[in-house]
Amino acid sequence: MADILIVYYSRKGENYRNGGLKHIDKGNTERVAEFIQKAVGGELFEVDTVKPYSESYMTCIEEAKAELRAKARPEIKAYPENFESYDTIFVGYPNWWGTMPMCMFTLLEKYDLTGKTVIPFCTNEGSGMGASERDLKNLCKGATVKAGLSVHGAEAAQSESKVAAWAKGSI
């Protein structure tokens with residue numbers, strides 16, 4: 001089996017779920033990433049920004065909107081070791097304003113992904129993959145970007161069988 005990396009950004013704390021705000025101890029995208037690892041193996045890597053987003057969900061989404069409009073590239077704390085050695089890269093994120101959080105652009109722009117397989121997954125409250133698959137194809141020149149998986153955030157904790165079947169079928 002190819003060397004697999006599961007790289008993701010996930011939000012803990014106050015989140016929007018089923019029309020209201022709720023505190024969660026583990027981010028929805030992190031849960032999905034762990035289900036992928038359990039199903040197909042690989043290394044997990046959580047992206048973390050140097051400047052944290054607000055703990056208030058409503059403020060956080062305004063920060064995310066400002067970053068998107070500015071095409072910002074927020075600094076991240078660390079990069080995966082030996083990134084070049086991975087053949088298959090699952091890329092996970094919450095759908096913020098129709099695409100990935102800008103820190104995922106920061107990460108992916110650092111690497112030449114030619115010849116790699118990129119497999120996106122996102123969590124959201126109804127917006128699906130948005131434009132993120134198109135954005136990944138533009139960002140990951142030379143890579144094969146496969147069809148992504150959208151998971152309703154409020155159902156992430158109960159999505160293991162769906163995620164496992166998709167992950168196994170994607171590699």
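User: Which residues of α3 are buried?
Analyst: In this predicted model, the buried residues of α3 are M102, C103, M104, F105, T106, L107 and L108.

User: And how much of the helix is that?
Analyst: Seven of its eight residues; helix α3 covers residues 102-109. With that many under 20% relative accessible area, α3 is largely enclosed by the rest of the structure.

User: What covers those buried residues?
Analyst: The cover of the buried residues in α3 includes two strands, β1 (4-8) and β5 (88-94), and two helices, α2 (57-70) and α4 (132-139).

User: Stepping back, how many helices and strands are there?
Analyst: Five helices and eight strands.

User: In what order do the elements run?
Analyst: Starting at the N terminus, the order is β-β-β-α-β-α-β-α-β-α-β-β-α.

User: What about contacts, how many join residues far apart in sequence?
Analyst: Counting contacts between residues at least 6 apart in sequence, 77% join residues at least 24 apart.

User: What is the radius of gyration, and what would a compact globule have?
Analyst: The protein has 15 Å, and a compact globule of 171 residues would have a value near 16 Å, so the two agree. The C-alpha trace spans about 40 × 35 × 25 Å along the principal axes.

User: What share of the residues is buried?
Analyst: Of the 171 residues, 51% count as buried.

User: And the surface, how much of it belongs to carbon and sulfur?
Analyst: Carbon and sulfur atoms account for 47% of an accessible surface of about 8200 Å².

User: Last one, charges. How many of each, and how far apart are their mean positions?
Analyst: There are 21 positive and 23 negative charges, and their mean positions are 5 Å apart.

Definitions and conventions: Residues are numbered from 1 along each chain as its sequence is written. This is a predicted model: local features need pLDDT of at least 70, side-chain atom pairs count only at pLDDT 80 or more; totals for chains, interfaces and linings use all residues. Side-chain values use heavy atoms; hydrogens and water are left out. Helices (H or I, at least four residues) and strands (E, at least two) are DSSP runs, numbered from the N terminus. The radius of gyration is taken over C-alpha atoms; the globule rule is 2.2 Å times the number of residues to the power 0.38. Buried means under 20% relative accessible area, exposed over 50%, partly exposed in between (1.4 Å probe, protein chains only). Contact means heavy atoms within 4.5 Å. Accessible areas come from the Shrake-Rupley method with a 1.4 Å probe; for residues, only the protein chains shown count as cover. Lys and Arg count as positive and Asp and Glu as negative; His and the chain ends are not counted. The place of a charge is taken as NZ of Lys, CZ of Arg, CG of Asp or CD of Glu.
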